[in-house]
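Visitor: Please walk me through this model, one question at a time.

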Amino acid sequence: MASLKSLRNRIASVKATRKITKAQQMVAAARFRRAQEAALAARPYAEKMGQVIASLAGGMKANPGASPLLGGTGKDDVHLVIVATADRGLCGAFNTNIVRLAKQKIEELQAAGKKVLIFTIGRKGREQLRRLYGPQIIESVEFTAVKRIGFANAAAIGQRVLELYGEGKFDVATIIYSRFRSVISQIPTAQQLIPAPVEENAAATPGVVYDYEPDEGEILADLLPRNVSVQIFRALLENVAGEFGSKMTAMDGATRNAGEVIDKLTLLYNRTRQAQITKELIEIISGAEAL
Amino acid sequence: MADKISFDLVSPERLLLSEEAEMITIPGTEGEMGVMAGHAPVLTTLKPGIVTVSGPATERFVVLGGFAEINATKLTILAEEAIPLADFDAAALDLRIGQASESLALAKSDTEKSARQFYLDNLQQLRHAI
């Protein structure tokens, strides 16, 4: 049986753990509210942008002079997979889920004979992918020093992706992130960024005929690069909300588990102490009787 | 008074305004536009400037580029950045003007140069307007 001293030490250490997880949970809860608002606020912009591009793109896709951001490079050989994860752990399976989807996607592409390059956003993603696909990671970004992700952060990444595209480093870009649904549910999602996806039904509906100022080509040329940044921004915000949501749940569970362990250990500690006292009493009594 | 037009002003960070207005003046790349209900459908890019919303109360926003989608009943502005005029900080604009003139000096091609010059001019106009 464990000695009283070692039991006391274990109780103290689990209590310390519980304090940490409790604090983490509260921090996550506080930041979650803000992150959730930001993620929900970014949705209308990203969706509207998608709609406008889809309606513009419908007529432009067949046009051979269309921007390569829309029509693609005409090849489908090199894929860039942008994996957006969190920088910190302690948030349950959040990062692992994203990485799992990324791995699955990468394996699929490689099985189809494509070359895959990886762009990681967030420390955890890079750490997990480095072991398997080290040389394929061409770029990584971390936000450990950034307190609150702004559009400028996303725009910088977008810029870099566009530069790589301009240099002809890849043909298709996909971003993998976790779509935020609720505190307990985040859905890892893969979304194609370049060339811009055009939904068939959106192109088919005639809709209103718009006047364009300046002309269609120029608007598209202006919108398409911006769209890349906007979609990345949205992915980052959804990720942040998901991260904190997931962290809240994970830390809540951990706090509760620690509480249970403490209860069990305390019971064991008291029993052991009682047993020891009883033993000592018996020793004294039997000693007295023997006289 | 004529019918009202519904108006949304969205920036990547949040939805700034969503309301019914009588008229909205927007800084289109090819000139200022006043938009009222029943406007012909137009899609236009925006230059840095001031958006004025005339409804029950007049509200003014500074937008730094973006685009606007107009149809008969609805105007949506997707601004790259949008800030209520009252909160707008002229120092931040000066900083941006500085950056814009630096990037102008770095421009390689002529088209790039003229685009950046255009942007810088607009920023400076905006600076005077405030």
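The questions below go from the interface to side chains within chain A.

Visitor: How many residues of chain B are in contact with chain A?
Guide: This is a predicted model. Contact here means heavy atoms within 4.5 Å. On the side of chain A, 22 residues take part. On the side of chain B, the number is 23.

Visitor: What share of the area buried between chain B and chain A do carbon and sulfur atoms give?
Guide: The buried area is about 2,100 Å². Of that area, carbon and sulfur atoms give 65%.

Visitor: Which residues form the salt bridge across the interface of chain B and chain A?
Guide: The rule finds one salt bridge across this interface. Its closest N and O atoms are 2.8 Å apart. The cut-off is 4 Å, so the pair qualifies. The partners are Arg226(A) and Glu80(B).

Visitor: Which elements give two or more residues to the side of chain B that touches chain A?
Guide: By class, this side of chain B has 11 nonpolar, seven polar and five charged residues. The elements of chain B that give two or more residues to it are strands E5 (42–46), E8 (66–70) and E9 (74–79).

Visitor: In E5(B), what is the bridge partner of Glu213(A)?
Guide: Strand E6 of chain A covers residues 211–213. Three bridges join this strand to E5(B), and the two run parallel. For Glu213(A), the bridge partner in E5(B) is Thr44(B).

Visitor: Is Gln25(A) buried or exposed?
Guide: Gln25(A) lies in helix H1 of chain A, residues 4–60. Leaving out residues up to four places away in sequence, Gln25(A) touches Met248(A), Met251(A), Asp252(A) and Thr255(A). Its relative accessibility is 17%. Buried means under 20%, so at 17% Gln25(A) counts as buried.

Visitor: How many residues apart are Arg160(A) and Glu139(A)?
Guide: Over all chains, the search finds 13 salt bridges. One of them joins Arg160(A) to Glu139(A), with the closest N and O atoms 3.1 Å apart. Arg160(A) is in helix H5 (residues 151–166), Glu139(A) in strand E3 (residues 137–141), both of chain A. The pair links distant parts of the chain, and the separation is 21 residues.

Visitor: Are Arg160(A) and Glu139(A) buried, partly exposed or exposed?
Guide: The relative accessible area of Arg160(A) is 26%. For Glu139(A) the value is 22%. The middle class lies between 20% and 50%. Therefore Arg160(A) and Glu139(A) are each partly exposed.

Visitor: What separates Arg160(A) and Glu163(A) in helix H5 of chain A?
Guide: Arg160(A) also forms a salt bridge with Glu163(A), the closest N and O atoms being 2.7 Å apart. Glu163(A) is partly exposed, at a relative accessible area of 39%. The two are three residues apart in helix H5, so the separation is about one helical turn.

Visitor: Which residues are linked in a network of salt bridges with Arg234(A) and Glu238(A)?
Guide: Arg234(A) and Glu238(A) meet in a salt bridge, 3.6 Å from N to O. They lie four residues apart in helix H7 (residues 216–290) of chain A, about one turn of the helix. Both Glu238(A) and Arg234(A) are buried. The residues linked with them in the network are Arg43(A) and Glu47(A).

Terms used. Residues numbered from 1 in each chain as written. Chains lettered and ligands numbered in written order. Predicted model: local features only at pLDDT ≥ 70, side-chain atom pairs only at ≥ 80, totals over all residues. Heavy atoms only, no water. Buried area = accessible area lost by both parts, 1.4 Å probe. Salt bridge = Lys/Arg side-chain N within 4 Å of Asp/Glu carboxyl O. Nonpolar A, V, L, I, M, F, W, Y, C, P; charged D, E, K, R; others polar. Pairing = 2+ DSSP bridges. Buried < 20%, exposed > 50% of the residue type's maximum accessible area, 1.4 Å probe, protein only.
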